[in-house]
Amino acid sequence: MKLAIFLTYVAIEIAAFVGLCFAIGFAWTILLGIATMVLGFWLLRRRGAKVLSDLRTAGQNAAAGVPSDPAGSAAPVADTALLAGATIAMVVPGLVTTLIGILLLLKPVRMILRPLVIALGTRKVVVAMEGYAQYGRGMAGVTVVDGQVVDTTYGPTANDPTQQQLPKQHPEF
């Protein structure tokens with residue numbers, strides 16, 4: 001599956017490069033590639049500082065106990081995730097991935113993708129927490145049935161206070 005995705009990526013990038021070479025020429029295609037890379041990194045620097053500033057502000061507000069709506073507090077985190085995706089797309093060579101990275105840096109595109117990123121992030125957190133809860137239950141060494149702890153040992157134990165201690169009787173000889 002990963003190989004198929006990689007080969008698809010390579011085919012799209014080669015097709016875009018060859019198509020642009022036929023449309024505008026080889027030299028202009030190289031110049032366009034350099035220009036999109038420069039534009040992308042300039043936008044990354046500009047937008048990245050703003051997104052990280054928003055994230056820092058949201059963290060300070062949360063630490064200070066300033067109430068905020070959950071969607072508003074998740075927005076900087078989602079923007080940070082989109083910024084990371086844009087950075088990866090900018091680093092990967094190719095005109096198409098650079099264009100995708102530039103698009104991810106634009107605010108209207110981030111606003112459209114933000115709910116999707118929040119939903120995916122929430123789903124991943126819930127799945128991870130369920131996994132940790134299952135791991136924790138396995139470590140306790142008890143069986144949980146309908147919220148009740150069931151002791152897996154059979155019979156009375158030595159420390160059971162309900163067991164009555166019978167006095168020892170000495171035979172008289």
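These legends go with several close-up views of a predicted model.

**View 1. The whole chain is built from five helices and two strands.** Start at the N terminus and walk along: the elements come in the order α-α-α-α-α-β-β. The protein has 173 residues, and 16% of them count as buried.

**View 2. Here's the largest pocket, with about 220 Å³ of space inside.** Its lining is made up of 15 residues, and those closest to the centre are Gly33, Pro93, Gly94, Leu95 and Thr98. How do you find a space like this in the first place? Rolling a probe the size of a water molecule over the atoms shows where empty space is left.

**View 3. Now look at who builds the wall of that largest pocket.** Four helices chip in with at least two residues each: α1 (2-24), α2 (26-64), α3 (70-91) and α4 (95-105). Which helix gives the most to the lining? That's α2, with six residues. Sort the lining residues by character and you get nine nonpolar, five polar and one charged.

**View 4. A nonpolar patch sits on the surface.** Its members are Ile14, Phe17, Val18, Phe22, Phe26, Ile30, Ile34 and Val38, and together they have about 800 Å² of accessible area. The elements that give two or more residues to this patch are α1 and α2.

**View 5. Zooming in on one patch member, we meet Ile30 in helix α2.** Why does Ile30 count as partly exposed? Its relative accessibility is 37%, and partly exposed covers what lies between the buried cut-off (under 20%) and the exposed one (over 50%).

Notes:
Residues numbered from 1 in each chain as written. Predicted model: local features only at pLDDT ≥ 70, side-chain atom pairs only at ≥ 80, totals over all residues. Heavy atoms only, no water. 1 Å grid on protein atoms, 1.4 Å probe; cavity = no way out; pocket = protein on both sides within 12 Å on 5 of 7 lines; lining within 4 Å. Points joined across faces, edges and corners; volume = space filled by probe spheres on them. Nonpolar A, V, L, I, M, F, W, Y, C, P; charged D, E, K, R; others polar. Patch = residues over 30% accessible without salt bridge, like charges linked within 9 Å, V, L, I, M, F, W, Y side chains within 5 Å. Areas by Shrake-Rupley, 256 points an atom, 1.4 Å probe, with all protein chains shown as cover. Salt bridge = Lys/Arg side-chain N within 4 Å of Asp/Glu carboxyl O. Buried < 20%, exposed > 50% of the residue type's maximum accessible area, 1.4 Å probe, protein only.
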